[in-house]
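Biologist: Before we discuss this fold, I would like each label to be justified against its criterion. Could you take me through it in that way?

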Amino acid sequence: MSCSIFLQDKGIDEVVLKAPGRAINKTVMIAKLLKRRIVGLHQITSIGSIDITDTWEPLEEGLLPLETTRHVSVITITLSRKELNMSSIG
């Protein structure tokens, strides 16, 4: 189901969109489309980052697993029909 159905028909007052890395652009576009489709939405946007650790198990016996840690940007967009916290930075 789409977010607009929840906000319009199901009576949900708030939707939170959260995306890491390369998905940030699509999430921002979705938020813009929702704001165009549903007039009067309030928005708070926050950005941050998370560390993601990838682990690979070796194919040969006797080798140690390989771990790498990536620092990934994250965006959180809160859309609400009700007025949100005005003191929030986003």
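Modeller: This is a predicted model, and the protein chain has an average pLDDT of 87, with 83% of the residues scoring at least 70.

Biologist: Which elements of the protein chain have the lowest and the highest mean pLDDT?

Modeller: Helix H1 (residues 3-8) has the lowest, with a mean of 58, whereas S3 has the highest, with 95. Where pLDDT is low, the predicted coordinates should not be read in detail.

Biologist: What makes S1 and strand S3 a pair?

Modeller: Two strands count as paired if there are at least two bridges between them, and S1 and S3 (residues 66-80) are joined in the antiparallel sense over seven bridges, so the criterion is met. Within this pairing, Val16 has Thr78 of S3 as its bridge partner.

Biologist: Why are strand S1 and strand S2 called edge strands?

Modeller: The three strands form an open antiparallel sheet in the order S1-S3-S2, and strand S1 (14-20) and strand S2 (42-56) each pair on one side only. Neighbouring strands of the sheet are turned by 20 degrees against each other on average, direction ignored. Helix H2 (residues 24-37) lies across S1, S2 and S3, and runs at about 10 degrees to S3.

Biologist: Why is Thr76 called buried?

Modeller: Thr76, which lies in strand S3, has a relative accessible area of 18%; buried means under 20%, and therefore Thr76 qualifies as buried. Leaving aside residues up to four places away in sequence, Thr76 touches Val16, Leu17, Lys18, Ile44, Thr45 and Ser46.

Conventions
Residues numbered from 1 in each chain as written. Predicted model: local features only at pLDDT ≥ 70, side-chain atom pairs only at ≥ 80, totals over all residues. Heavy atoms only, no water. Helix = DSSP H or I, 4+ residues; strand = E, 2+ residues; numbered from the N terminus. Axes fitted to C-alpha atoms, helices over the stretch in contact; angles between N-to-C directions. Contact = heavy atoms within 4.5 Å. Buried < 20%, exposed > 50% of the residue type's maximum accessible area, 1.4 Å probe, protein only. pLDDT = per-residue confidence, 0-100.
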